[in-house]
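Work through the exercises below with the sequence and the 3D structure at hand. Try each task before reading its solution.

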Amino acid sequence: MNFGLSEEQKMIVESAAKFGAALRDRHRETEKSGVSADLIRKYKDLGFLSLAWPEKSGGSHMGFLTKVMALEELAWGDAAATMALDRVSWICGSALELGEGGERLLARAVKAPADFVPAAYVDLDERLK
């Protein structure tokens, strides 16, 4: 069994470390004013938001191990900003289980404005029909 990283995974982790350093440099600004729209846009453009999503849903299908490794590097720079930047994927990752409806949600989330806040409701009692 090989536990080494592929070249692609290494490049993603290195890119996350560089972005994490940028987050660290802007820590006070982010702490005072929140995560800026340009950081959110760059986070999406670099593909961190959709690392674990399937390709057909606009992701790179790198899996959760790669996603967690990238998040670790980003959090080293600014853990709170990393949580804010990745908030969309908390809901959208689960949306993949919804089939076609979930894929539509993912497509909208990737193109969403910086102030997009995902939400989910689980109707365990099946009261909403």
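**Exercise 1. Find what share of the contacts in the protein with a separation of 6 or more comes from residues 24 or more positions apart.**

Solution. Start with the term: a contact means heavy atoms within 4.5 Å. Take the contacts in the protein with a separation of 6 or more; residues 24 or more positions apart account for 64% of them. Keep the origin in mind: this is a predicted model, where local features need pLDDT of at least 70, side-chain atom pairs count only at pLDDT 80 or more, and totals for chains, interfaces and linings use all residues. Residues are numbered from 1 along each chain as its sequence is written, and side-chain values use heavy atoms, with hydrogens and water left out.

**Exercise 2. List the elements of the protein from the N terminus on, and state how much of the protein is buried.**

Solution. Step one: helices (H or I, at least four residues) and strands (E, at least two) are DSSP runs, numbered from the N terminus. The protein has six helices and zero strands. Its order reads α-α-α-α-α-α.
Step two: buried means under 20% relative accessible area, exposed over 50%, and partly exposed in between (1.4 Å probe, protein chains only). Of the 129 residues, 34% are buried.

**Exercise 3. Identify the residues of the largest nonpolar core that touch the most other members, and the helices that supply the core.**

Solution. A nonpolar core is a set of buried Ala, Val, Leu, Ile, Met, Phe, Trp, Tyr and Cys residues joined through side-chain atoms within 4.5 Å. The largest one has 20 residues. Phe19, Leu23, Tyr43, Phe48, Leu74 and Leu85 touch the most other members. At least two residues of this core come from each of H1 (7-25), H3 (37-45), H4 (63-85), H5 (87-95) and H6 (100-111).
Now zoom in on Leu74. Set aside its neighbours within four places in sequence. Leu74 is then in contact with Ala16, Phe19, Gly20, Leu23, Tyr43, Phe48 and Thr82.

**Exercise 4. Work out how H1 packs on H4.**

Solution. Axes are lines fitted to C-alpha atoms, for helices over the stretch in contact, and angles run from 0 to 180 degrees between N-to-C directions. The axes of H1 and H4 are 8 Å apart, at an angle of about 10°. H1 is therefore roughly parallel to H4. The cut-offs: under 35 degrees is roughly parallel, over 145 roughly antiparallel, 65 to 115 roughly perpendicular, and the rest oblique.
Many residues meet here. Those from H1 include Gln9, Ile12 and Arg24, and those from H4 include Thr66, Trp76 and Asp78.
Check two residues of H4. Thr66 lies in this helix and is buried, with a relative accessible area of 0%. Not counting residues up to four places away in sequence, Thr66 touches Gln9, Ile12 and Leu51.
Asp78 also lies in H4. At 6% relative accessibility, Asp78 counts as buried. Its C-alpha atom is 5.5 Å from that of Arg24, although the two are 54 residues apart along the chain. Beyond four places in sequence, Asp78 touches Leu23, His27 and Thr30.

**Exercise 5. Describe the buried side of H3 and its crossing with H4.**

Solution. The buried residues of H3 are Leu39, Ile40, Tyr43 and Lys44. They lie on the same side of H3, because they cover an arc of only 135° around the axis. The arc is that of the directions from the helix axis to the C-beta atoms.
Next, the crossing. The axes of H3 and H4 come within 13 Å and cross at roughly 165°. H3 is therefore roughly antiparallel to H4. Leu39, Ile40 and Tyr43 in H3 meet Lys67, Leu71, Leu74 and Leu85 in H4.

**Exercise 6. Compare Ser50 and His61: is each buried or exposed?**

Solution. Ser50 is in the loop between H3 and H4. Ser50 is buried, with a relative accessible area of 10%. Leaving out residues up to four places away in sequence, Ser50 touches Gly58, Gly59 and Ser60.
His61 lies in the loop between H3 and H4. At 53% relative accessibility, His61 counts as exposed. Its phi is positive, near 55°. Most residues other than glycine have a negative phi.
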